[in-house]
Amino acid sequence: MLMRGWRGAKTWMLPLVTLALVAGGLAWFAGQEDLAAKLWTTATATVFAVLLVDIGIGLHRKDFGLDLIAALAMGGAIAFGEYLAGIVVALMFTGGQFLETFAQNRAGREMTALLSRVPSRAARYQSGRIEDIAVSGIAPGDLILVRRGEVVPVDGIVAGNAAVLDESALTGEALPVRRTSGQAVMSGSTNAGDAFDLQATSAAADSTYAGVVRLVEAAQRTKAPMVRLAARFGLAFLALTLTIATSAWALCGDATRALAVIVVATPCPLILAVPVAVVSGISRCAKKGVLVKDGGALEALAVARTVLLDKTGTVTDGRARLIEIKVQGDLDALELLRLAASLDQSSPHVVAQSLVTAAHERGLQLDVPSDVRETPGSGLTGRVGSQNLIIGGWAFVSTGIEDSHFRREIEAWIRRDGTVAVVVAIDGALAGAMLLADQIRPEAGFVLRHLRQAGIARIVLVTGDRADLAAGVAAFVGVDDVISEMKPEDKTNAVKMEQARNRPVVMIGDGVNDAPALAAADVGIAMGARGAAASSEAADVVILLDRLDKLVDAFQIARRSRRIALQSVYAGMGLSIAGMIAAAFGYLTPVEGALFQEAIDVAVILNALRALGPPIAIGVASPRLSKEDLLALEAEHRALADVVDDIGITADRIARLPGKKAKDELERLDRGLRDRLLPHEKRDEQVYARLRRRNTGPDVLAGMSRTHMEIQRQIHNLTVMRKAFDSDMPTETQLGEVQRLLHGLEAITRLHFAQEEEIYRSLEAE
């Protein structure tokens, strides 16, 4: 912190030097050469004095190199009366310092402090009343009231009514959990249900959340400093400069030649080109929705070889989404969803809101419920239209419902790992159930493949979830290793183990439980759009949009910025060495050397500024989609969700329907597929045609067009099979064939939509 404050305090130097250079130049042109010399000398001496302090601090940390050459150049210019050369060197040096400070402080003010999430006040029961006290005043045994939406201030146990808690920030589990009376609750959890009483089992300083805060602070204190790109060249370049300068002085006995060598050698390609390329890369990342807090993080990101990925909220969406519906008899599945979502509008529960969102995505019109009563953590009862509904967990809804084959079927169907079930009863009869789950992000496969292409050798999935759930996600996305059931300190240890194997290590996460690991990693990347403030504060990079594919942008920009910086460094140092040799033989005076170095600076800075823009494509043109087209295509897929759902729902229940009803249902489905799905596929082909016209390379969309043909063929086969039914009574064999066709059509359509979304995002225009 002290060093950062010292660096920030030096931002006045660049305006001072610039003003002195301009004022001295005007005085020199006006014939006031003594005044010009005094102005230039004063400014150079000021920068020289500050630089000596920097060098002293650096030597104490065993860090030296670039600053020493600049100090020698400025000190020598003052000593030998080369005042113009001195002020030019001072200008180059302070300009580089300003850019470096700008890069480090660009995002700091925009980050939310970790402690902002820690509650400072709590409601404690005392002598029959509730008093507002400081959290630090809570003692084990105190009874605390935790209101809806509040963060649990200390560890404790539920006293009285059950509690519904969002523990995602601590455990990574996306779905809310229910804690009954007597069960333990961790501090840092958020009350997602009604208010409940908590009996404290620890003081605030000893609680789980306070432990996470301490882990973050400890990780930040012990995190090894990054070795900057420019510093790697500094020591060797310093040795070469001193060798040439002393040799020139020794051979000809002219100290001015040695000064000219040092002035030419002022490592501006390192002092300026690297910060310019890095700041340009940071600016380009910001345009892409990625906030990089300092240049060191961008440089480390460019050479990273290992990535650790959190699961919930990072690889997965982090929210419960409807994945399947099962209904009784001939009840319409979407009508069941509409009724349930209508009643759930009255509940703030995250699962209830997920159902409302699913209904809106499918274009369902919701009714206003009445007589709504909620049992916190269990379910709802109420009326929608003329129907009485009960919605909630199995134990809440099934009470009092008669045993039947469908009851046993639903009870077995909802027992699926990694899901939460919402059961619905209508007018006292079991109507069906819906499964919700935290789904893998559609872009996850694209991201991991491009990370491999970018040079990442090892990808590890780390999560606090159960081993079976983690293994399922790992098998889908294809990682090198998976570590599950981890606590915050376990993730930090995993980072340290990977650092011992191969550095730098990148950690990507979004929850409070990820914050210590993000702080300990060489580069911590937080999913900041919906993630916890703790992870954003601890991270070096924050993805501001809720899209994992922005991670690929960050890696690609970092690597390109580093390549451009290295080009500038190699070219600039090569020209500087040539200039040093010329100065050693007396062909360049100190002022001429400073101007020569200035010309090199302009060249390398212009090259470094290329990092601000996209790469220039040479040869094969790449097809691109505008952001508006991308959003429109993704919106079409969301609007067709009910059609795709209907394929699977019809396949599931077609065999249970009477013959005439089964035929009518298939006719309705066939009509919906032809009226909505096939026109969408034709519009997609028009998009493909536009992309092909912009592409001079191979037809990368040929396989997608082939899938369109297969979907069209399957729908045609459905029509043919439906029309082949004997009168109004399809046989069991015919219905079995239709079921197989529908299951295949649903699978290929869902896969095709996922492939399209991945391709479309990869083709998004700059």
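## Overall picture

Among the contacts in the chain with a separation of 6 or more, 70% are between residues 24 or more positions apart. Keep in mind that this is a predicted model. The chain has 766 residues, and 52% of them count as buried. Its accessible surface comes to about 32900 Å², with 57% of that belonging to carbon and sulfur atoms.

As for secondary structure, you're looking at 28 helices and 22 strands. Here are a few spots to look at in the viewer.

## Strand S9 and its partners

Start with S9, which covers residues 196-200. One face of this strand is covered and carries Phe196, Leu198 and Ala200. The other face, with Asp197 and Gln199, is uncovered.

S9 pairs with S3 (residues 143-146) in the antiparallel sense, over four bridges. Within that pairing, Leu145 has Asp197 of S9 as its bridge partner. S4 (residues 156-159) is also joined to S9 by four bridges, and those two strands run antiparallel as well. There, Gly156 is matched with Ala200 of S9.

## A six-stranded open sheet

Strands of a sheet pair through backbone hydrogen bonds, either parallel or antiparallel. Next up is an open sheet of six strands, ordered S12-S17-S16-S15-S14-S13, and its pairing is antiparallel. S12 (316-327) and S13 (370-375) sit at the edges with a single partner strand each, so each has one side without a neighbour in the sheet. On average, neighbouring strands here are turned by 20 degrees against each other, ignoring direction.

Zoom in on S16 (residues 419-426) and S17 (residues 429-440): eight bridges link them, and they run antiparallel. If you want a register marker, Thr419 stands opposite Ala437 in S17.

## Where H11 crosses H22

Two packed helices are described by the angle between their axes and the distance between the axes. For H11 (residues 295-303) and H22 (residues 550-584), the axes come within 8 Å and cross at roughly 95 degrees. Angles of 65 to 115 degrees count as roughly perpendicular, so that's how H11 and H22 are set against each other.

Which residues meet in this contact? H11 brings Leu298, Glu299, Leu301, Ala302 and Val303. Across from them, H22 supplies Ala554, Phe555, Ala558, Arg559, Ser561 and Arg562. Sorted by type, the residues of the contact split into seven nonpolar, one polar and three charged.

Methods. Residues numbered from 1 in each chain as written. Predicted model: local features only at pLDDT ≥ 70, side-chain atom pairs only at ≥ 80, totals over all residues. Heavy atoms only, no water. Buried < 20%, exposed > 50% of the residue type's maximum accessible area, 1.4 Å probe, protein only. Contact = heavy atoms within 4.5 Å. Areas by Shrake-Rupley, 256 points an atom, 1.4 Å probe, with all protein chains shown as cover. Pairing = 2+ DSSP bridges. Axes fitted to C-alpha atoms, helices over the stretch in contact; angles between N-to-C directions. Parallel < 35°, antiparallel > 145°, perpendicular 65-115°, else oblique. Nonpolar A, V, L, I, M, F, W, Y, C, P; charged D, E, K, R; others polar.
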